[in-house]
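Subject: Structure handover

Hello,

As agreed, I am passing the structure on to you. Please open it alongside this message, since the notes refer to residues by name.

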Amino acid sequence: MVNRRRGEIEATIEGRRHVLVLTLGALAELEAAFRAENLVALAERFADGRLSAQDITRILGAGLRGGGWDIADGEVARLRFAGGVPEMARLVAELLRAT
């Protein structure tokens with residue numbers, strides 16, 4: 001079961017439930033990946049809701065790693081999420097809101 005107070009969300013990926021969370025380490029990883037100076041700059045980067053496929057892959061990857069799954073972004077890009085790309089985008093939005 002997820003703990004919303006800790007920013008956790010749940011996703012069904014390839015038929016299995018997984019917890020995603022943007023831990024401090026995951027946020028630092030995203031700052032580096034998006035060359036954001038700080039968390040405010042990172043939040044502003046996502047504020048308009050326009051995300052590329054690579055953005056979605058990076059954010060979901062960071063969330064999965066924060067939830068304990070040892071997985072590279074390249075592997076995330078090959079995963080099948082229940083609901084496809086629209087569900088992946090929805091999960092990213094939910095993860096960012098939870099954080």
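Below are notes on the salt bridges and then on the largest pocket.

Please keep in mind that this is a predicted model.

Salt bridges

Side chains of opposite charge can pair when their charged atoms come close. In this structure there are eight salt bridges. Three of them are described here, together with a network.

One of the bridges joins Glu94 and Arg4, with 2.8 Å from N to O. This pair connects distant parts of the chain: Glu94 belongs to helix α5 (residues 84-98), while Arg4 sits in the segment before β1 (9-13), and the two are 90 residues apart. Glu94 has a relative accessibility of 13%, and because buried means under 20%, Glu94 counts as buried. The two residues also take part in a network of salt bridges, which links Arg4, Glu87, Arg90 and Glu94.

A second bridge is found between Arg6 and Glu8, where the closest N and O atoms are 2.5 Å apart. Are these two partners buried or exposed? Arg6 has a relative accessibility of 57%, which is over the 50% cut-off, so Arg6 counts as exposed. Glu8 is at 8% and therefore counts as buried. The bridge thus has one exposed partner, Arg6, and one buried partner, Glu8.

The third bridge is between the side chains of Asp55 and Arg45, at 3.1 Å from N to O. Here, too, distant parts of the chain are linked: Asp55 lies in helix α3 (residues 53-66) and Arg45 in helix α2 (residues 39-47), ten residues apart. With 5% relative accessibility, Asp55 counts as buried. Arg45, at 33%, falls between the two cut-offs of 20% and 50%, so Arg45 counts as partly exposed.

The largest pocket

How much space lies in the largest pocket? The computed value is about 160 Å³. Its lining is made up of Leu22, Leu27, Leu39, Leu42, Ala43, Phe46, Leu96 and Thr99. Which element gives the most to this lining? That is α2, with four residues. By type, the lining residues divide into seven nonpolar, one polar and no charged.

Helix α2 therefore comes up in both parts of these notes: Arg45 of the bridge to Asp55 is in α2, and α2 gives four residues to the pocket lining.

Regards

Terms used
Residues are numbered from 1 along each chain as its sequence is written. This is a predicted model: local features need pLDDT of at least 70, side-chain atom pairs count only at pLDDT 80 or more; totals for chains, interfaces and linings use all residues. Side-chain values use heavy atoms; hydrogens and water are left out. A salt bridge is a side-chain nitrogen of Lys or Arg within 4 Å of a carboxyl oxygen of Asp or Glu. Buried means under 20% relative accessible area, exposed over 50%, partly exposed in between (1.4 Å probe, protein chains only). On a 1 Å grid over the protein atoms alone, a cavity is a set of points where a 1.4 Å probe fits but cannot get out, and a pocket is an open set with protein on both sides within 12 Å along at least five of seven lines; lining residues have an atom within 4 Å of a point. Grid points are joined across faces, edges and corners, and a volume is the space filled by probe spheres set on the points. Ala, Val, Leu, Ile, Met, Phe, Trp, Tyr, Cys and Pro count as nonpolar, Asp, Glu, Lys and Arg as charged, and the others, Gly among them, as polar.
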